[in-house]
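Biologist: I'm new to this one, so could you walk me through it, starting with the pockets and then going on to the helices?
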Amino acid sequence: MSLPFRKRKTPKPEIDPFAPPHWDDALQAPGPLLMLMEARAPWEYAAMLAAAPWLSRLPVGDGHPVLVFPGLGASDFTTLPLRNFLRDRGYTPYPWKQGFNFGPRHGVLDSCRAMVAHLAEKHHEKVSLIGWSLGGVYARELAKEQPHHTRCVITLGTPFAGHPRATNAWRFYEMVSGQAVHDHELIEQLHEPPPVPTTSIYSKTDGVVAWQCSINPESPQAENIEVHASHVGMGMNPLALYAIADRLRQDPAHWKRFDAQGARRWFYKVTHHSPLQASAKL
(Lines give C-alpha, C1' and ligand atoms only; values in the text may rest on other atoms or scores of the structure.)
Protein backbone atom coordinates (compact mmCIF):
# COMPACT_ATOMS: atom_id res chain seq x y z
CA MET A 1 0.00 0.00 0.00
CA SER A 2 1.46 3.32 -1.00
CA LEU A 3 1.64 5.14 2.31
CA PRO A 4 3.21 8.62 2.52
CA PHE A 5 5.47 7.80 5.44
CA ARG A 6 8.86 9.43 5.52
CA LYS A 7 11.09 7.36 3.28
CA ARG A 8 14.56 6.55 4.48
CA LYS A 9 17.12 7.01 1.75
CA THR A 10 19.05 3.83 0.98
CA PRO A 11 21.27 3.05 -2.01
CA LYS A 12 19.34 1.27 -4.74
CA PRO A 13 20.78 -2.16 -5.64
CA GLU A 14 21.55 -2.93 -9.25
CA ILE A 15 18.83 -4.92 -10.99
CA ASP A 16 19.82 -8.33 -12.34
CA PRO A 17 17.66 -9.04 -15.41
CA PHE A 18 18.39 -12.77 -15.08
CA ALA A 19 17.44 -13.01 -11.40
CA PRO A 20 14.47 -15.25 -10.51
CA PRO A 21 11.20 -13.55 -9.52
CA HIS A 22 11.09 -12.21 -5.98
CA TRP A 23 9.27 -14.52 -3.57
CA ASP A 24 6.46 -12.04 -2.90
CA ASP A 25 5.62 -11.82 -6.62
CA ALA A 26 4.38 -15.42 -6.37
CA LEU A 27 2.16 -14.80 -3.36
CA GLN A 28 -1.58 -14.78 -3.96
CA ALA A 29 -4.42 -13.40 -1.91
CA PRO A 30 -6.42 -15.92 0.18
CA GLY A 31 -8.92 -17.90 -1.87
CA PRO A 32 -12.73 -17.96 -1.75
CA LEU A 33 -12.90 -20.66 0.95
CA LEU A 34 -10.82 -18.62 3.40
CA MET A 35 -12.86 -15.54 2.52
CA LEU A 36 -16.04 -17.45 3.41
CA MET A 37 -14.47 -18.50 6.72
CA GLU A 38 -14.33 -14.82 7.74
CA ALA A 39 -17.98 -15.31 8.66
CA ARG A 40 -16.78 -16.96 11.90
CA ALA A 41 -15.89 -13.55 13.38
CA PRO A 42 -19.13 -13.38 15.46
CA TRP A 43 -18.19 -16.74 16.97
CA GLU A 44 -14.84 -15.31 17.98
CA TYR A 45 -16.63 -12.48 19.76
CA ALA A 46 -18.79 -15.06 21.53
CA ALA A 47 -15.64 -17.02 22.41
CA MET A 48 -14.15 -13.87 23.91
CA LEU A 49 -17.20 -13.44 26.14
CA ALA A 50 -17.11 -17.10 27.14
CA ALA A 51 -13.38 -16.84 27.91
CA ALA A 52 -13.80 -13.70 30.04
CA PRO A 53 -13.38 -15.56 33.38
CA TRP A 54 -10.13 -17.12 32.11
CA LEU A 55 -8.84 -13.86 30.65
CA SER A 56 -9.65 -12.00 33.87
CA ARG A 57 -7.15 -14.20 35.72
CA LEU A 58 -4.24 -12.97 33.63
CA PRO A 59 -1.65 -10.89 35.50
CA VAL A 60 -2.50 -7.20 35.80
CA GLY A 61 -0.46 -4.78 33.71
CA ASP A 62 1.56 -1.77 34.81
CA GLY A 63 -0.85 0.91 33.52
CA HIS A 64 1.31 2.16 30.67
CA PRO A 65 -0.46 3.81 27.69
CA VAL A 66 -1.45 1.76 24.65
CA LEU A 67 -2.56 3.37 21.39
CA VAL A 68 -4.78 1.16 19.20
CA PHE A 69 -5.15 1.63 15.42
CA PRO A 70 -8.13 0.11 13.55
CA GLY A 71 -7.97 -1.71 10.24
CA LEU A 72 -8.79 -0.56 6.73
CA GLY A 73 -12.32 0.82 6.50
CA ALA A 74 -12.82 0.42 10.24
CA SER A 75 -13.18 2.89 13.10
CA ASP A 76 -12.49 2.97 16.83
CA PHE A 77 -15.77 1.14 17.38
CA THR A 78 -14.18 -2.08 16.08
CA THR A 79 -11.30 -1.85 18.57
CA LEU A 80 -13.60 -1.21 21.57
CA PRO A 81 -13.60 -4.88 22.76
CA LEU A 82 -9.80 -4.93 22.58
CA ARG A 83 -9.47 -1.62 24.41
CA ASN A 84 -11.95 -2.72 27.08
CA PHE A 85 -9.89 -5.87 27.58
CA LEU A 86 -6.71 -3.82 27.92
CA ARG A 87 -8.35 -1.51 30.44
CA ASP A 88 -9.58 -4.48 32.48
CA ARG A 89 -6.05 -5.87 32.48
CA GLY A 90 -4.64 -2.68 33.99
CA TYR A 91 -3.43 -0.72 30.95
CA THR A 92 -4.46 2.73 29.72
CA PRO A 93 -5.73 2.25 26.16
CA TYR A 94 -6.46 5.04 23.69
CA PRO A 95 -8.37 5.05 20.38
CA TRP A 96 -6.75 6.66 17.38
CA LYS A 97 -9.58 9.25 17.02
CA GLN A 98 -9.20 9.67 13.25
CA GLY A 99 -12.59 8.34 12.20
CA PHE A 100 -12.69 5.55 9.64
CA ASN A 101 -9.33 4.30 8.43
CA PHE A 102 -9.47 5.06 4.73
CA GLY A 103 -5.71 5.21 4.37
CA PRO A 104 -3.30 8.03 5.14
CA ARG A 105 -5.51 10.92 4.15
CA HIS A 106 -4.33 14.50 4.53
CA GLY A 107 -3.41 15.24 8.13
CA VAL A 108 -4.00 11.72 9.45
CA LEU A 109 -0.36 10.73 9.82
CA ASP A 110 0.62 14.06 11.34
CA SER A 111 -2.18 13.65 13.90
CA CYS A 112 -0.98 10.12 14.71
CA ARG A 113 2.59 11.34 15.16
CA ALA A 114 1.41 14.11 17.45
CA MET A 115 -0.72 11.71 19.49
CA VAL A 116 2.14 9.29 20.12
CA ALA A 117 4.34 12.15 21.31
CA HIS A 118 1.51 13.61 23.41
CA LEU A 119 0.76 10.32 25.18
CA ALA A 120 4.44 9.74 25.93
CA GLU A 121 4.71 13.22 27.41
CA LYS A 122 1.42 12.92 29.32
CA HIS A 123 2.32 9.60 30.96
CA HIS A 124 6.06 10.26 31.22
CA GLU A 125 6.75 6.86 29.68
CA LYS A 126 6.83 5.12 26.35
CA VAL A 127 3.66 4.08 24.51
CA SER A 128 2.82 0.61 23.21
CA LEU A 129 1.34 0.64 19.70
CA ILE A 130 -1.19 -1.99 18.59
CA GLY A 131 -2.44 -2.06 15.01
CA TRP A 132 -5.05 -4.26 13.40
CA SER A 133 -4.53 -4.97 9.67
CA LEU A 134 -3.65 -1.64 7.97
CA GLY A 135 -3.51 -0.07 11.44
CA GLY A 136 -0.46 -2.22 12.10
CA VAL A 137 1.39 -0.51 9.25
CA TYR A 138 0.76 2.82 11.00
CA ALA A 139 2.05 1.37 14.27
CA ARG A 140 5.22 -0.04 12.73
CA GLU A 141 6.13 3.08 10.75
CA LEU A 142 5.39 5.43 13.66
CA ALA A 143 7.65 3.30 15.85
CA LYS A 144 10.42 3.67 13.27
CA GLU A 145 9.98 7.43 13.30
CA GLN A 146 9.60 7.73 17.09
CA PRO A 147 11.45 4.83 18.75
CA HIS A 148 12.18 7.10 21.73
CA HIS A 149 8.42 7.29 22.38
CA THR A 150 7.57 3.65 21.59
CA ARG A 151 7.69 0.78 24.08
CA CYS A 152 6.65 -2.04 21.73
CA VAL A 153 4.63 -2.77 18.60
CA ILE A 154 1.99 -5.49 18.22
CA THR A 155 0.25 -6.09 14.90
CA LEU A 156 -2.78 -8.24 14.08
CA GLY A 157 -2.99 -9.65 10.56
CA THR A 158 -0.95 -6.75 9.19
CA PRO A 159 0.38 -6.97 5.59
CA PHE A 160 3.84 -5.45 5.96
CA ALA A 161 5.73 -8.12 3.97
CA GLY A 162 5.04 -9.25 0.44
CA HIS A 163 3.17 -7.21 -2.15
CA PRO A 164 -0.12 -5.50 -1.22
CA ARG A 165 -1.84 -7.43 -4.02
CA ALA A 166 -1.42 -10.58 -1.90
CA THR A 167 -4.42 -9.33 0.04
CA ASN A 168 -8.11 -9.20 -0.80
CA ALA A 169 -8.27 -5.56 0.28
CA TRP A 170 -5.93 -3.79 -2.14
CA ARG A 171 -8.65 -2.73 -4.58
CA PHE A 172 -10.75 -1.32 -1.72
CA TYR A 173 -7.66 0.47 -0.41
CA GLU A 174 -7.00 2.11 -3.78
CA MET A 175 -10.66 3.10 -4.09
CA VAL A 176 -11.04 4.75 -0.67
CA SER A 177 -7.56 6.21 -0.34
CA GLY A 178 -7.04 7.35 -3.91
CA GLN A 179 -3.51 5.91 -3.82
CA ALA A 180 -1.85 3.15 -5.79
CA VAL A 181 -0.08 0.16 -4.27
CA HIS A 182 2.94 0.09 -6.58
CA ASP A 183 5.57 2.10 -4.68
CA HIS A 184 8.23 -0.63 -4.58
CA GLU A 185 10.71 1.50 -2.63
CA LEU A 186 8.19 2.07 0.14
CA ILE A 187 7.06 -1.57 0.07
CA GLU A 188 10.67 -2.59 0.79
CA GLN A 189 10.79 -0.07 3.63
CA LEU A 190 7.64 -1.57 5.19
CA HIS A 191 9.37 -4.96 5.36
CA GLU A 192 11.88 -3.66 7.90
CA PRO A 193 10.86 -4.25 11.54
CA PRO A 194 10.94 -1.28 13.92
CA PRO A 195 13.93 -0.84 16.27
CA VAL A 196 11.76 -1.79 19.26
CA PRO A 197 10.25 -5.12 20.42
CA THR A 198 7.86 -6.07 17.62
CA THR A 199 5.27 -8.86 17.57
CA SER A 200 3.22 -9.96 14.58
CA ILE A 201 0.14 -12.03 15.42
CA TYR A 202 -1.14 -13.77 12.31
CA SER A 203 -3.35 -16.62 11.15
CA LYS A 204 -2.85 -19.10 8.33
CA THR A 205 -6.64 -19.10 7.90
CA ASP A 206 -6.78 -15.32 7.40
CA GLY A 207 -9.23 -14.72 4.58
CA VAL A 208 -8.08 -11.18 3.76
CA VAL A 209 -4.28 -11.15 4.03
CA ALA A 210 -1.94 -13.92 2.84
CA TRP A 211 -0.33 -15.01 6.10
CA GLN A 212 3.20 -14.78 4.64
CA CYS A 213 2.64 -11.01 4.40
CA SER A 214 2.59 -10.87 8.21
CA ILE A 215 5.93 -12.56 8.91
CA ASN A 216 8.78 -10.56 10.42
CA PRO A 217 12.23 -11.58 9.18
CA GLU A 218 14.76 -12.93 11.66
CA SER A 219 15.60 -10.15 14.12
CA PRO A 220 16.61 -10.09 17.82
CA GLN A 221 13.61 -7.92 18.71
CA ALA A 222 10.99 -9.32 16.32
CA GLU A 223 8.74 -12.37 16.52
CA ASN A 224 5.73 -13.97 14.85
CA ILE A 225 2.91 -15.72 16.72
CA GLU A 226 0.41 -17.86 14.85
CA VAL A 227 -3.13 -18.13 16.22
CA HIS A 228 -6.29 -19.76 14.90
CA ALA A 229 -8.36 -16.72 13.95
CA SER A 230 -10.12 -14.90 11.16
CA HIS A 231 -8.88 -11.54 9.94
CA VAL A 232 -12.05 -9.70 10.89
CA GLY A 233 -12.26 -11.33 14.31
CA MET A 234 -8.60 -11.29 15.29
CA GLY A 235 -8.97 -8.32 17.64
CA MET A 236 -11.65 -10.21 19.58
CA ASN A 237 -10.13 -13.67 19.45
CA PRO A 238 -9.30 -14.89 23.00
CA LEU A 239 -6.05 -16.52 21.86
CA ALA A 240 -4.90 -13.25 20.30
CA LEU A 241 -5.94 -11.31 23.41
CA TYR A 242 -3.94 -13.65 25.63
CA ALA A 243 -0.86 -13.19 23.43
CA ILE A 244 -1.31 -9.40 23.47
CA ALA A 245 -1.51 -9.33 27.27
CA ASP A 246 1.57 -11.53 27.54
CA ARG A 247 3.57 -9.25 25.21
CA LEU A 248 2.51 -6.01 26.91
CA ARG A 249 3.80 -7.33 30.23
CA GLN A 250 7.31 -7.70 28.84
CA ASP A 251 9.93 -5.29 30.13
CA PRO A 252 11.41 -3.75 26.94
CA ALA A 253 14.85 -3.70 28.58
CA HIS A 254 14.68 -7.48 29.14
CA TRP A 255 12.37 -8.47 26.31
CA LYS A 256 12.01 -12.16 25.52
CA ARG A 257 10.16 -13.85 22.72
CA PHE A 258 6.81 -15.52 23.31
CA ASP A 259 7.22 -18.91 24.97
CA ALA A 260 5.08 -21.49 23.17
CA GLN A 261 6.12 -24.37 25.42
CA GLY A 262 3.94 -26.39 27.76
CA ALA A 263 0.18 -26.08 27.30
CA ARG A 264 0.66 -23.12 24.97
CA ARG A 265 2.04 -25.37 22.25
CA TRP A 266 -1.50 -26.67 21.65
CA PHE A 267 -2.76 -23.19 20.79
CA TYR A 268 0.20 -21.24 19.41
CA LYS A 269 3.04 -21.59 16.96
CA VAL A 270 5.98 -19.25 16.62
CA THR A 271 8.41 -18.67 13.77
CA HIS A 272 11.52 -16.56 13.54
CA HIS A 273 12.14 -17.30 9.86
CA SER A 274 11.93 -14.98 6.92
CA PRO A 275 8.64 -15.03 4.95
CA LEU A 276 10.25 -17.22 2.28
CA GLN A 277 11.57 -19.71 4.83
CA ALA A 278 8.22 -19.74 6.63
CA SER A 279 6.46 -20.56 3.36
CA ALA A 280 8.83 -23.44 2.73
CA LYS A 281 7.89 -24.94 6.10
CA LEU A 282 4.20 -25.19 5.27
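Modeller: A word on terms before the pocket itself: a pocket here is an open set of grid points with protein on both sides within 12 Å along at least five of seven lines, and its lining residues have an atom within 4 Å of a point. Please keep in mind that this is a predicted model.

Biologist: OK, so how many residues line the second largest pocket, and which lie nearest its centre?
Modeller: The second largest pocket is lined by 17 residues, and those nearest its centre are Gly71, Leu72, Ser133, His231 and Val232.

Biologist: And what volume does the second largest pocket have?
Modeller: Its volume is about 320 Å³.

Biologist: How does that lining divide into nonpolar, polar and charged?
Modeller: In the lining of the second largest pocket, twelve residues are nonpolar and five are polar, while no charged residue is found there.

Biologist: Switching to helices, at what angle do H5 and H6 pack?
Modeller: Helix H5, residues 108-123, packs against helix H6, residues 134-145, at an angle of about 60°, and their axes are 11 Å apart. That angle is why H5 counts as oblique to H6. The crossing of the two, H5 and H6, is right-handed.

Biologist: Which residues meet there?
Modeller: From H5 come Val108, Leu109, Cys112, Arg113 and Val116, and they meet Tyr138, Leu142 and Glu145 in H6. The residues of this contact of H5 with H6 divide into six nonpolar and two charged, with no polar ones.

Biologist: Where does H8 come in, and how do its axis and that of H6 cross?
Modeller: Helix H8 covers residues 184-191, and its axis and the axis of H6 come within 10 Å of each other, crossing at roughly 80°. H6 is therefore roughly perpendicular to H8. On the H6 side the contact is made by Val137, Arg140, Glu141 and Lys144, and on the H8 side by Gln189, Leu190 and His191. Those contact residues of H6 and H8 divide into two nonpolar, two polar and three charged.

Biologist: One last pair: how do H4 and H9 pack?
Modeller: Helix H4, residues 80-88, and helix H9, residues 238-248, pack at an angle of about 45° with their axes 11 Å apart, which means that H4 is oblique to H9. Leu82, Phe85 and Leu86 in H4 meet Leu241, Ile244, Ala245 and Leu248 in H9. This contact of H4 with H9 has seven nonpolar residues, no polar and no charged.

Conventions:
Residues numbered from 1 in each chain as written. Predicted model: local features only at pLDDT ≥ 70, side-chain atom pairs only at ≥ 80, totals over all residues. Heavy atoms only, no water. 1 Å grid on protein atoms, 1.4 Å probe; cavity = no way out; pocket = protein on both sides within 12 Å on 5 of 7 lines; lining within 4 Å. Points joined across faces, edges and corners; volume = space filled by probe spheres on them. Nonpolar A, V, L, I, M, F, W, Y, C, P; charged D, E, K, R; others polar. Axes fitted to C-alpha atoms, helices over the stretch in contact; angles between N-to-C directions. Helix = DSSP H or I, 4+ residues; strand = E, 2+ residues; numbered from the N terminus. Parallel < 35°, antiparallel > 145°, perpendicular 65-115°, else oblique. Left-handed = near helix turned anticlockwise from the far one by under 90°. Contact = heavy atoms within 4.5 Å.
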